[in-house]
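Biologist: I am new to this structure and would like to learn my way around it. Could we look at it together, one question at a time?

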Amino acid sequence: MKFVISLSFYLLSTGLLYTQNMSFKSFRDYLVPASRLDSLRKVERTMSQNSQSIEYLHLLIAIELSKSFRGDSITTQQYNKIVHLATKHKSTLGLAMANYIMGMYHSSWQEEVAYNQIMKAKSQFALQKDTSGIIQCLSWSLRQFTQDNPSYGQFNEELRLKMNRESFTQLVALSEKSVHAIDRFTYYRTILNSQPPFSREISEKQRIEALEAANEILDKNPNLSFLRKAIYRAAQQSFLYLKKTDKLLEYGLKTLNHPDINATFTDYRNVANTYIKLNKYDSAIVYLEEALRRVKVEKPNDINALRGINKRLKEAYFGISNWQAGIKAYDEYDKYNNLIRDNDRRLAVYEIKEKYSFTEKEAELKRISLEKQVAESRNQLLQAQNEAQKREAAMKNLSLENQAAESRTKLLQSQVEIQRKERVLQLAESQKELLFGGLLVALGLIGTTLIFSIKLRATNKKLLELQQGRDKFYTIIAHDLRTPINSLNDMGGLLPNLIQEGKKQELDRVIQQIEYMREKTQLLLNNLFEWGKSQYFTPDVTEARQQVDVVPLVEELYQTYLPIAQSQKIDLLAELPASFVTEIAPKGLLMTVRNLLDNAIKNTAEGGTISVRVSPAAVGKTSNGLTITVADTGRGIAPDQLHYLQQVFAGKVKPEVGIHGLGLGMILIYNFARKNNVNVHIMSELGVGSSFEIICKS
């Protein structure tokens, strides 16, 4: 008991030493305290009565920095608390640390926000002349924001590469001048962990030298031993870029076995992935099972991690022909995949509703605002008319008074008469000017009223178009859902009779048909989501084109539809090259090929053949294009319907659902082709089959 009390007192004393007695003047002062999260939390409980002090601010920063090292997220409430205390104590360092931690948190899912916060922290560290803080920000930007296609999309690749070189030059200059070991360590870690395209400028020799130098710094500075895991992970990332699988495995195992490193499920998963690259599936299974066990303890709500590990387990078990375990892992993968897909769909529906609601409310507010402006203009016009009438009445009264005065002064001398007439003429001239000015004001107000009326008419027209788009969207949902729902109702009524009569073959056939209708309904819902997002509610938003390898995308669709084709006794063939990289919108391309395969299966009878082919296509004088062909030996397309489809994809006719049997899938293909400069050629003959060619220009 005495030993436990002594140990607790020692831990609390250690935490207090690093938070109350240390002088926090730069980024590096937080590193060692941040490596002792448990002790910091105990100290936080003892300091709850002094939550407005500068010491409590340093304690909160050290805790959140420690959590970020472990991959935990900082809450907005904690961030605001740190900012409030830093502002109260006028601590620029505290504000810089808060922005740096929030930048680390957002880097995995909001890169534009993360980049802005890291750059803001860098400016605040510069005001403090905190070299370590500046180096950390430069290192983080080089490690995190150098991908070929960053989602924040602020700069093109050439400008981004130039900025990275400038940041790297500044990082080298600062680390060479610094006398602190952590700054040199950060420089070496940046070299190892930099990402494409910047990483291509760093040679293999530079990487090896950086790894040796970083390990030497940690050996000489035991207080920094908690950073061993960071440098080992950076080494693995570097060897992954160099395709040095043996070294990648060596440092993966070192990470698991080093006494200074507390390995997590990520480290076990990395080792397993390396074994899969080496086709050593037995070893991969051992580490994947341990990674799965650990993730359920460390991060049980991380669905993406659970899905990824089960997907790798499936590959490993299939690699050693353990089909039962592989199918079990695949079922787990499919379960988590459906959870993620359902979350994405709910988010998509929510976004569509929010966008439509916002657009409708905005139009309503504009209409109300214009009505108010028109009413104000009318009131101003009425006031101007009343003013003009008053002036006219005043002029009449003045004229009568002048006549009375004229009759009374007839006997006055001629000189007085002349002077009076001159005054009357001057007054009349002034009244004419006032009347003319009033008329000009009235005309101006009438013109303003007409302008606002025109704007109100245009706003009402746009609101009517939005309402028509909404009604059309509901009509398409009812139209396209009617057939699969009716089919499922019919088969649902048939199932009890087949089960009661014990007709197994007919029952298997109905179950296969239900599975096929499930796949079609899923495709229909995906099409409806795509149509709802792109057709009316967000007409200016298009999917970004990017450099992608088309072959794996088509291969994935082929593997998805192969069991469906086999269940209907249709031969599904694929002619795919090893690789074909082009610039295209990947989601739109997947949607297009998926719809063509679905139409081909629907229109091909038993014993028929469907082929999918990816091949180069000549575009202009070069042959750098891409052709994806989906052909079938089905019933073909009627001549009038074929002519209508060819007119649609030639851009001569606007497609409409229901015209010549046109479905939502073809409209989505038309929108994809129009937005991505893609040509679609259709050939068909009744009783022979159909062929669809998608020609993508590089």
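**Helices, loops and a buried alanine**

Biologist: At what angle do helix 4 and helix 5 cross?

Modeller: Helix 4 covers residues 54-69 and helix 5 residues 76-88, and their axes come within 10 Å. Axes here are lines fitted to C-alpha atoms, for helices over the stretch in contact, with angles running from 0 to 180 degrees between N-to-C directions. On that scale the two helices cross at roughly 145°.

Biologist: What kind of model is this?

Modeller: Residues are numbered from 1 along each chain as its sequence is written, and side-chain values use heavy atoms, leaving out hydrogens and water. Local features need pLDDT of at least 70 and side-chain atom pairs 80 or more, while totals for chains, interfaces and linings use all residues, since the model is predicted.

Biologist: How many helices and strands does the chain have?

Modeller: Both are DSSP runs numbered from the N terminus: helices are H or I with at least four residues, and strands are E with at least two. By that rule, the chain has 23 helices and seven strands.

Biologist: Which residues of helix 5 meet helix 4?

Modeller: Contact means heavy atoms within 4.5 Å. From helix 4, the partners are Tyr56, Leu57, Leu60, Ile61 and Glu64. On the helix 5 side they are Gln78, Lys81, Ile82, Leu85 and Ala86.

Biologist: Why do helix 20 and helix 21 count as roughly parallel?

Modeller: Helix 20 (residues 550-567) and helix 21 have axes 10 Å apart. Angles under 35 degrees count as roughly parallel, over 145 as roughly antiparallel, 65 to 115 as roughly perpendicular and the rest as oblique. The two helices are therefore roughly parallel, as they pack at an angle of about 30°.

Biologist: How many nonpolar residues are in the contact of helix 20 with helix 21?

Modeller: Helix 20 brings residues including Leu553, Leu557 and Tyr561, and helix 21 residues including Leu590, Arg594 and Asp598. Ala, Val, Leu, Ile, Met, Phe, Trp, Tyr, Cys and Pro count as nonpolar, Asp, Glu, Lys and Arg as charged, and the others, Gly among them, as polar. There are two charged residues and no polar ones, and the nonpolar number twelve.

Biologist: How many of the 17 residues in helix 21 are buried?

Modeller: Buried means under 20% relative accessible area, exposed over 50%, and partly exposed in between (1.4 Å probe, protein chains only). Helix 21 is mostly covered, and its buried residues number 13.

Biologist: Is lysine 129 buried or exposed?

Modeller: Lysine 129 is in the loop between helix 7 (111-127) and helix 8 (131-144). Most residues other than glycine have a negative phi. Lysine 129 has a positive phi of about 55°. With a relative accessible area of 74%, this lysine is exposed.

Biologist: What is the relative accessibility of serine 321?

Modeller: Serine 321 is in the loop between helix 16 (303-319) and helix 17 (323-408), and has a positive phi of about 65°. Serine 321 counts as partly exposed, its relative accessibility being 44%.

Biologist: Which residues is alanine 96 in contact with, leaving aside neighbours within four places in sequence?

Modeller: Alanine 96 is found in helix 6 (residues 92-106) and is buried, with a relative accessible area of 0%. Its C-alpha atom is separated by 9.8 Å from that of methionine 119, 23 residues apart along the chain. The contacts of alanine 96 are Ala121, Gln124 and Phe125.
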